[in-house]
Protein chains: 6
Amino acid sequence: MRLLVVNANTSQFVTDRVAAEARLAAGPGCEIKAVTGEFGARIIGTRAENAIAAHAMVDLMARHAEGCDAALIAVSYDTALDASRQLLTIPVVGMTEAALLTACMLGGKTGVITLGSAGLPMYQELVAHYGLAGRVAGWGVIDRATAFSPGDTAELDRLLVAEAKRLVEQAGAETVVLSGAVMAGVPRRLQAQVPVPLIDGIACGVRQAELLARMKLPKPTAGSYAAPKGREVSNVSEALRKAFGDGG
Amino acid sequence: MRLLVVNANTSQFVTDRVAAEARLAAGPGCEIKAVTGEFGARIIGTRAENAIAAHAMVDLMARHAEGCDAALIAVSYDTALDASRQLLTIPVVGMTEAALLTACMLGGKTGVITLGSAGLPMYQELVAHYGLAGRVAGWGVIDRATAFSPGDTAELDRLLVAEAKRLVEQAGAETVVLSGAVMAGVPRRLQAQVPVPLIDGIACGVRQAELLARMKLPKPTAGSYAAPKGREVSNVSEALRKAFGDGG
Amino acid sequence: MRLLVVNANTSQFVTDRVAAEARLAAGPGCEIKAVTGEFGARIIGTRAENAIAAHAMVDLMARHAEGCDAALIAVSYDTALDASRQLLTIPVVGMTEAALLTACMLGGKTGVITLGSAGLPMYQELVAHYGLAGRVAGWGVIDRATAFSPGDTAELDRLLVAEAKRLVEQAGAETVVLSGAVMAGVPRRLQAQVPVPLIDGIACGVRQAELLARMKLPKPTAGSYAAPKGREVSNVSEALRKAFGDGG
Amino acid sequence: MRLLVVNANTSQFVTDRVAAEARLAAGPGCEIKAVTGEFGARIIGTRAENAIAAHAMVDLMARHAEGCDAALIAVSYDTALDASRQLLTIPVVGMTEAALLTACMLGGKTGVITLGSAGLPMYQELVAHYGLAGRVAGWGVIDRATAFSPGDTAELDRLLVAEAKRLVEQAGAETVVLSGAVMAGVPRRLQAQVPVPLIDGIACGVRQAELLARMKLPKPTAGSYAAPKGREVSNVSEALRKAFGDGG
Amino acid sequence: MRLLVVNANTSQFVTDRVAAEARLAAGPGCEIKAVTGEFGARIIGTRAENAIAAHAMVDLMARHAEGCDAALIAVSYDTALDASRQLLTIPVVGMTEAALLTACMLGGKTGVITLGSAGLPMYQELVAHYGLAGRVAGWGVIDRATAFSPGDTAELDRLLVAEAKRLVEQAGAETVVLSGAVMAGVPRRLQAQVPVPLIDGIACGVRQAELLARMKLPKPTAGSYAAPKGREVSNVSEALRKAFGDGG
Amino acid sequence: MRLLVVNANTSQFVTDRVAAEARLAAGPGCEIKAVTGEFGARIIGTRAENAIAAHAMVDLMARHAEGCDAALIAVSYDTALDASRQLLTIPVVGMTEAALLTACMLGGKTGVITLGSAGLPMYQELVAHYGLAGRVAGWGVIDRATAFSPGDTAELDRLLVAEAKRLVEQAGAETVVLSGAVMAGVPRRLQAQVPVPLIDGIACGVRQAELLARMKLPKPTAGSYAAPKGREVSNVSEALRKAFGDGG
């Protein structure tokens, strides 16, 4: 099985971190093909950057999906998830949706910790879009950007553990999702210090994508996820144009 | 890996059907251990029967979980799912919850078809309990009990396909869940006749249970899913008493 | 009139406390028949214990309802309320549902105080199941188990009053429900110290059960509360088997 | 006990019908004091009429509450219910709220039948205001005004029974509320023809008002239902002015 | 264009303050006609006062709408908004609804600051009635009545700015509505000290009323906002009686 | 005043139709500057096309906003509305959001008619994103694409009027929104045949954009709509890069 992992950021180091965790999570015989955005924001963090990334995401999907069995969106806003699902014939999973739905299967409400308060409303809108707002016990925000320098995770770890415990004790979280592609692998590192399961979007996303690939459910031929047919698009990449079935 | 599949009905034929589909869905090396209820309703179909089955379910779980890596509730009301999750140290998955959450990952709203109008409110309450009412496009009911006689599926199949198409065309369903343990395997049989993915609770449940087992997330030590500790219970099965950690 | 009050705990002292308050609340000529669980948890406090109690509750209902005009579930999780309603031909009231609905008739949102944080999610799910989450102003938790020793209510009282006032002043509660069967009578004791009505589940439950008994509404013959008919159940108590109309 | 029943319509025949049913529902020793509006609409049926009736309602309450133990709003829009609750020191019950909450205690969702499609949105907004929209299975409307002529209930009865059955069979209603003060007594007449309980707002309202009166819960001294204190009002009835505690 | 601005309080100074701000907000050629209540509360602040004001509002509307192109309700509870909309043939706007909907068009969730905790539940119910509860980030309350003395706004301003900043920083408000007719003009004064737009109900209401007047949409002839026709009302003002089309 | 009207479709005829209606709706002295997309779909109709259009929209905004006082998104999915709001310093209005919010100010629930069932779920998700799902009475779909040929509107008009009437009579719509940029002007043409106001997204959008421009509310400096600062983006248009404040 081959799994396409798409980072629509232009940051290779995020792709590398995500790919490393994806390889740990993948089952035997599952190959990870990780790709990085070529236009748009270095790190998607605002609404306008996310809008550009929507195009970047479907473009990357169209160019790299061939030969893959499923795709994973490795941007924690699940950018263009619905669009990619419609466009491709293979299953597409979003890292945050996968984290939330997997958390649901552990029971109760989940706490969500995000990096940076600026993105919080965007995450809240995403969760509401999934109809899962009622499953969120509370939100935590870590606003210490410097904590992400390589080699120095002590302060970040301390903050994350404290926030996770606060969500468990005060907000009733029975699981905690650490949001953000750059957080890939962090739940594994901190799990021992937190009394409830810590959920990693990349780890969940890889596993759910494999699961869907193995189910071999058919591409819908009706509804809003049916493949585009005879749609006219112009001035986009050749791969994207072909994905729309446009004879051009 | 060994997966415990629990049918809290006292009907061996339901267990057999479920086990057969579970074995088809299970990954290589996953052994299915299917058990059947020993008290309560032959077929759980009303609120009062489901209340008895809650006890039967945790009892079966306590008696058979040892040596298993995850458990699947093979009753479509997901009877005692939360209770079983709390009681056991292995992941527990409900067949209907697994079906709904897997459907969510295909995008859009799902249609749900149930057998018998009497159970419809119970399913609707279950979906609401999961916080997923907003993800349901519409409900279908098949009230032809006789259709379930062995060897005669033509009429049932016709009714199911018609109802699934109605949900797609009129209610906007982008996937359709066929609810009921006894429906195990039916989605596979009818998929070719329906324009959107047909979802099988047993097939999803087995795969999600395997997924959770592989994630090796820890048992929570806080919250309402922490294992019972020093609780006093009496006049229940020895296995159940032990599961509560009651020295007796 | 005779009112069946069912404590599915195996704790006689809870039954006694409940029965005492029930007798104070009951109208003239209303006899209280209080019964206690014979298997399961001494004090129901976790999900798994509640699952066992669901069976215990319908069993007690089936065995003791004869000759009674209505029944009251004296467990604050309203264990097996819907199941008991379906099974019996007399009205069945849950103490927490009765408290919440009575509070609604006083206007505005209510605060709910529970004993022990472990049970809080279960109460929240119960309130959501009733569709009344929007009527709850906030939740309070008292985690001082020792406060319940006989003779020493001073500390508990102080904590309860403080929490009730906090809910009024900070959360906008216009009434406060003191949840828990063991709290029967406490609202009466503390009312003078709190600026809004304190609601007692047993007092409300007894009165609402009497009210429903006097209305003499018919048992439904359609829907999910119609009596079970021709259902097959086995290996349950004789009374329960009979309640299912199983000729056996 | 004395119960004030307030019809803010100027229609004596509605008051008479309501009072008759109220007397049937009232317990032994409960005296019904029924009063009729003196300004505003003959039959409240539109938004603007209901706005005038809000004033009429609090005015009637202020003038007639003295010596009464509880009050019932006998207008099915529960006109000025929250306002009357705040103004008076005795419990105030709305006929529609009482019907809905009593229906909740029978379990499941309720169907609501209203007279005239014009008022339907107003009822739906009222139910949403109570936070009970999720407990309504469906709505029925009877648009045959002439059916209300004295002596000729055959056609109305036929329509009501048909609509009630439709709500049970197609919308999943497990109880049916017949809305409208003028419907007082009709549920009793038609109950035998409908397979689920038919709920009468006046019958429920009288009983719930008696129940609250007997509970002797205190008037809140905090929150939005506390009695007005030192408020200045002018050019209203003397009784109303006094109820505001305005020394004038 | 002429815009009717209706204050159903009996306080001329509130009308004056509102009218001053309305004139600032009005476009060129828009004349403001401001009227004051003649019965009821000096300042509407409780549920019962608001009930009386509902009558006062439709009465003022009926008496003063002639010759106007739109009307604005200058009471922050939007008293009798729906009733006035139904009664009149010109558009009617509520100051709080206008503030909230205008805030929606700036994106994200809004914080709402009210004067006095007593009115808070009434505002929350109003927002819920509009279906906009999900758009509110949080609520703030200023309980310093004395701050409103003429000439002394320093303390009030300090409190308002602090509360607005708290809503932005802690509750995620992306706009802040200052509620209350008496707050007309305050947002303009304080805007420079707050990092997100401050919304003024009168300023928004005037502009939205002008906008609707210019759209010249027809009065509905169906539904619950159609003009009353052939309704019988009595003992109300001549103007109100005429508005109901009652030939008397 | 100058208003930027952005059609992210590549279809000039849609831009022309929109611009014509925009000029009719605009107030005196308001100049309309209409621009058309240069890459992506000819007509945005599926999820994947909408993802590409998100980029196209912010790109067009960045390139053409200079010298304008407000902007209107003339795509009925309100593509990249939140992103454009964040990116620009002038107010940005979406045609569908403007239609819905304006409809709210007329009272009650609105019906929404869309062209083509494929887009229906996308509109429903948009409305839910705005938190306005509770304000929608029902949805109508017109699936007759050929009806849009120039010169032949008779059949389309007939279908639209019939669907609008159905929404009023059966779903309780008190206003009806005709969705779709290509529908600009149609409500004006059909209004006389429908008993409730017909709402035009372009007409509302132009007026609301003018209103916001005149209010001169400040650009937020906090929250998720604050302008991007020091963000790094690459390989996008020069105008877009500048809008992100990226020194390159």
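Select chains A and F together and look for the axis between them: a turn of 180° and a shift of 0.0 Å along the axis lay chain F on chain A with an RMSD of 0.0 Å. That is the relation of a two-fold axis. Keep in mind as you go that this is a predicted model.

To find the axis by eye, select H55(F). Its C-alpha is the one in chain F nearest the axis, 2.9 Å from it.

Next, colour the interface residues of both chains. Of the interface residues of chain F, 100% are also interface residues in chain A, so the copies meet through the same surface.

Now show two pairs that stay apart. Select chains A and D: they do not touch, and their nearest C-alpha atoms are 15 Å apart. Then switch to chains B and E, where again no contact joins the two and the closest C-alpha atoms lie 15 Å apart.

**Chain A on its own**

Hide everything but chain A and turn on the cartoon. You should find nine helices and ten strands. How does its radius of gyration agree with that of a compact globule? For 248 residues such a globule would have a value near 18 Å, and chain A has 18 Å, which agrees. If you draw a box along the principal axes, the C-alpha atoms of chain A fill roughly 55 × 35 × 35 Å.

Colour by burial next: buried residues make up 61% of the 248 residues in chain A. For a contact map, take the contacts in chain A between residues at least 6 apart in sequence; 67% of these join residues at least 24 apart.

**Two domains and where they meet**

Give the domains separate colours. Domain 1 of chain A takes in 2–94 + 204–243, and domain 2 takes in 97–201. Place a marker at each C-alpha centre and you will see them 23 Å apart.

What lies between them? Here 21 residues of domain 1 of chain A are in contact with 18 residues of domain 2 of chain A. Stay on the domain 1 side and select α1 (12–25), α2 (47–64), β5 (92–94) and α8 (201–215) of chain A, each of which supplies at least two residues of the side that touches domain 2. Zoom in on α1(A), which gives the most to that side, with five residues.

As a last step, colour this side of domain 1 of chain A by residue class. You will find nine nonpolar, eight polar and four charged residues on the side that touches domain 2 of chain A.

Note on methods. Residues numbered from 1 in each chain as written. Chains lettered and ligands numbered in written order. Predicted model: local features only at pLDDT ≥ 70, side-chain atom pairs only at ≥ 80, totals over all residues. Domains from an automatic or database assignment. Contact = placed C-beta atoms within 7 Å. Helix = DSSP H or I, 4+ residues; strand = E, 2+ residues; numbered from the N terminus. Nonpolar A, V, L, I, M, F, W, Y, C, P; charged D, E, K, R; others polar. Rg over C-alpha atoms; globule rule 2.2 N^0.38 Å. Buried ≥ 20, exposed ≤ 12 C-beta atoms within 10 Å, placed from the backbone. Least-squares fit on C-alpha atoms with pLDDT ≥ 70 in both.
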